[in-house]
Amino acid sequence: MSESRGSPAPGKSKITEGEADLYLDQYNFTTTAAIVGSVDRKIFVLLRDGRMLFGILRTFDQYANLILQHCVERIYITEENKYAENECGVFMVRGENVVMLGEVDIDKEDEPLVQMEQIPFEEASQMKQERDDARYKSESQKGRQMARYGLIHDFHKSDIY
Amino acid sequence: MLFFSFFKTLVDQEVTVELKNDIELKGTLKSVDQFLNLKLDNISCSNESRYPHLSSVRNIFIRGSTVRYVYLDKNMVDINLLQDAARREAMSAKK
């Protein structure tokens, strides 16, 4: 290992396929290195469908597949200064659905919620559904208009975060 | 691998990331991987009204596929070095 990492031998500038694989294997674990510090801490996860989950990160892998314990889904209706929560236990999240995740400071976490009114989850999820439908409508309209000028508007129904 | 190497030179510098949902996050770039997933520290958000809890978030992991732009400061980029690297990559691809 240590020899192959040193300065290349004269006339051998390119690394061999075997060596390249070795390097690639190491790269696979940089995703891991990025979130390893958040294990056993409370995190939030934003999913591609717009859902927001809060929970304790128990484990993960290089694809950012996650396992969350004591998971709570939260919906913000910021226009009306309301929010709703739904407890859903243990969640396994497939990595491709993750938009972003971050560690939450549990001391400051509730600060914005104090000024907000909690409403039943069903009510909030219905409001969110309406908001998403409106967004889908306006985005697909935008897409059609841009297509008229030969432009691509990158929007998918599943990406409503 | 050029962009991956390029982003690695930006580690520990302050960048602003715009996501495809129009949210802008500013923070110190802590790590990047081959999918251009980014990890930011000490984040601040341009419009915190949409995600009120972001004020209590210290570090954030962003999946590369959801990033639209990364804003960089002009003097963070060594253009000559970047051009050189781009040429070298193109050369090695041709061989």
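## A buried alanine in chain A

Ala64(A) sits in a crowded spot: it has 23 other C-beta atoms within 10 Å, and since 20 or more counts as buried, that makes it a buried residue. Keep in mind that this is a predicted model. You'll find Ala64(A) in the loop that links strand E2 (52-60) to strand E3 (66-77) of chain A. Its backbone is worth a look too, as Ala64(A) has a positive phi of about 70° without being a glycine.

## An asparagine in chain B

Chain B has its own non-glycine residue with a positive phi: Asn42(B), where the angle is near 50°. This one belongs to a strand, E3 (residues 38-45) of chain B. Is Asn42(B) buried or partly exposed? It is partly exposed, because the 13 other C-beta atoms within 10 Å fall short of the 20 needed for buried but exceed the 12 allowed for exposed.

## The Sm domain

For chain B, an unreviewed UniProt entry puts the feature "domain: Sm" at residues 2-76. Across residues 2-76 of chain B, 45% of the chain is strand and 9% is helix, with the end C-alpha atoms 16 Å apart.

## Where the chains meet

Between the two chains, 23 residues of chain A are in contact with 20 residues of chain B. On the chain B side, strand E4 (residues 57-62) supplies the largest share, six residues. Sorted by class, that side of chain B has ten polar, five charged and five nonpolar residues.

E4(B) also pairs across the chains: it runs antiparallel to strand E5 (residues 98-104) of chain A, joined by four bridges. One partnership involving E4(B) puts Phe61(B) opposite Leu101(A) as its bridge partner.

How values were computed:
Residues numbered from 1 in each chain as written. Chains lettered and ligands numbered in written order. Predicted model: local features only at pLDDT ≥ 70, side-chain atom pairs only at ≥ 80, totals over all residues. UniProt positions renumbered as here; feature names shortened; annotations may be inferred. Helix = DSSP H or I, 4+ residues; strand = E, 2+ residues; numbered from the N terminus. Contact = placed C-beta atoms within 7 Å. Nonpolar A, V, L, I, M, F, W, Y, C, P; charged D, E, K, R; others polar. Pairing = 2+ DSSP bridges.
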